[in-house]
Amino acid sequence: MKSSSQELKKKQGRMHNKSNRTNFLLHKFDLKKTRVRQGLLHHFMDEPSPQTHLSIHQALQKKIEGVDGVTIYRNLQKFVELGVLHKLPDNKYLLCSHLCKKPTHILFSCIQCGKFWEIDHKSCMNALAKSLNHESVIDQSQPIFLSGVCKQCSEVREH
Ligand SMILES: [Zn+2]
Ligand SMILES: [Zn+2]
């Protein structure tokens, strides 16, 4: 069993990390530090799975007294525009897993289990973006969606 001081240290480490990442993102996009923006980013760092507008609203209401839906929505939209959050085809939101300057975001979704992954391979992203660019103009802050069956689901199918 872990001692409580170890647990506490771990928790503090996580908190510190979250605040650092939040500050980094807000600073990078020249956004003022507001409780809603910080609350939103912390929420997404705690919840790696796609979030509905309702679940986001409920989580923030617990953290920030009297927070209103319009403010939350406006900030979600802003984060989507900047590429900090990705809006998925089912209208859920996901935190971008990149922290680099101008990535091309490629999200893979499994048609069986519905999980999303962000592809984090620069040369693969560049090659795909380049070949797609011959056909269309890519807005770099918006993700490209790929779908298929993930490794886990394809293994289940084979058995
Ligand atoms: Zn991304
Ligand atoms: Zn799957």
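Which residues in H2 meet which residues in H4? Hold that thought; a bit of bookkeeping comes before the exercises. This is a predicted model, so local features need pLDDT of at least 70 and side-chain atom pairs count only at pLDDT 80 or more, while totals for chains, interfaces and linings use all residues. Residues are numbered from 1 along each chain as its sequence is written, and chains are lettered from A and ligands numbered from 1 in the order in which they are written.

**Exercise 1. Work out how H2 packs against H4.**

Step 1: get the elements straight. Helices (H or I, at least four residues) and strands (E, at least two) are DSSP runs, numbered from the N terminus. H2 covers 35-46 and H4 covers residues 69-82.

Step 2: list the contacts, meaning residue pairs whose C-beta atoms, placed from the backbone, lie within 7 Å. Val36, Arg37 and Leu40 of H2 meet Thr71, Ile72, Asn75 and Phe79 of H4. Sorted by class, that contact has four nonpolar, two polar and one charged residues. Here Ala, Val, Leu, Ile, Met, Phe, Trp, Tyr, Cys and Pro count as nonpolar, Asp, Glu, Lys and Arg as charged, and the others, Gly among them, as polar.

Step 3: add the geometry. The axes of H2 and H4 come within 10 Å and cross at roughly 65 degrees. Axes are lines fitted to C-alpha atoms, for helices over the stretch in contact, with angles running from 0 to 180 degrees between N-to-C directions. The crossing is right-handed: the near helix is turned clockwise from the far one by less than a right angle.

Step 4: check H2 on its own. Its 12 residues should span 16 Å at 1.5 Å a residue, and the end C-alpha atoms are indeed 16 Å apart; the expected span is 1.5 Å times one less than the number of residues. Arg37, Gly39, Leu40, Leu41 and Phe44 are buried in H2, where buried takes 20 or more other C-beta atoms within 10 Å of a residue's own, exposed 12 or fewer, and partly exposed falls in between, with C-beta atoms placed from the backbone.

**Exercise 2. Put the sheet of three strands together.**

Step 1: start with the parallel pair. S3 (residues 106-110) and S5 pair in the parallel sense over five bridges; two strands pair if DSSP finds at least two bridges between them. Leu107 stands opposite Phe145, Phe108 opposite Leu146, and Cys110 has Gly148 as its bridge partner.

Step 2: add the antiparallel pair. S4 (residues 116-118) joins S3 through three bridges, with Ser109 opposite Phe116. In this hairpin, which has five residues between the strands, Gly114 takes a positive phi near 80 degrees.

Step 3: read off the order. You get an open sheet, S4-S3-S5, with mixed pairing. S4 and S5 are at the edges with a single partner strand each, so one side of each has no neighbour in the sheet. Neighbouring strands are turned by 25 degrees against each other on average, direction ignored.

Step 4: look at the cover on S5. Among the five residues of S5 (residues 144-148), the count of buried ones is zero.

**Exercise 3. Find where Asp30 and Asn91 sit, given that each has a positive phi without being a glycine.**

Step 1: take Asp30, with a phi of about 60 degrees. Asp30 lies in the loop between H1 (4-28) and H2, and is exposed, with 7 other C-beta atoms within 10 Å.

Step 2: take Asn91, with a phi of about 70 degrees. Asn91 is in the loop between S1 (85-87) and S2 (93-95), and is exposed too, with 9 other C-beta atoms within 10 Å.

**Exercise 4. Step back and describe the protein chain as a whole.**

Step 1: count the elements. There are six helices and five strands, following the pattern α-α-α-α-β-β-β-β-α-β-α along the sequence.

Step 2: check burial. Buried residues make up 16% of the 159 residues.

Step 3: check contact range. Of the contacts between residues at least 6 apart in sequence, 51% join residues at least 24 apart.

Note on methods. Two residues are in contact if their C-beta atoms, placed from the backbone, lie within 7 Å.
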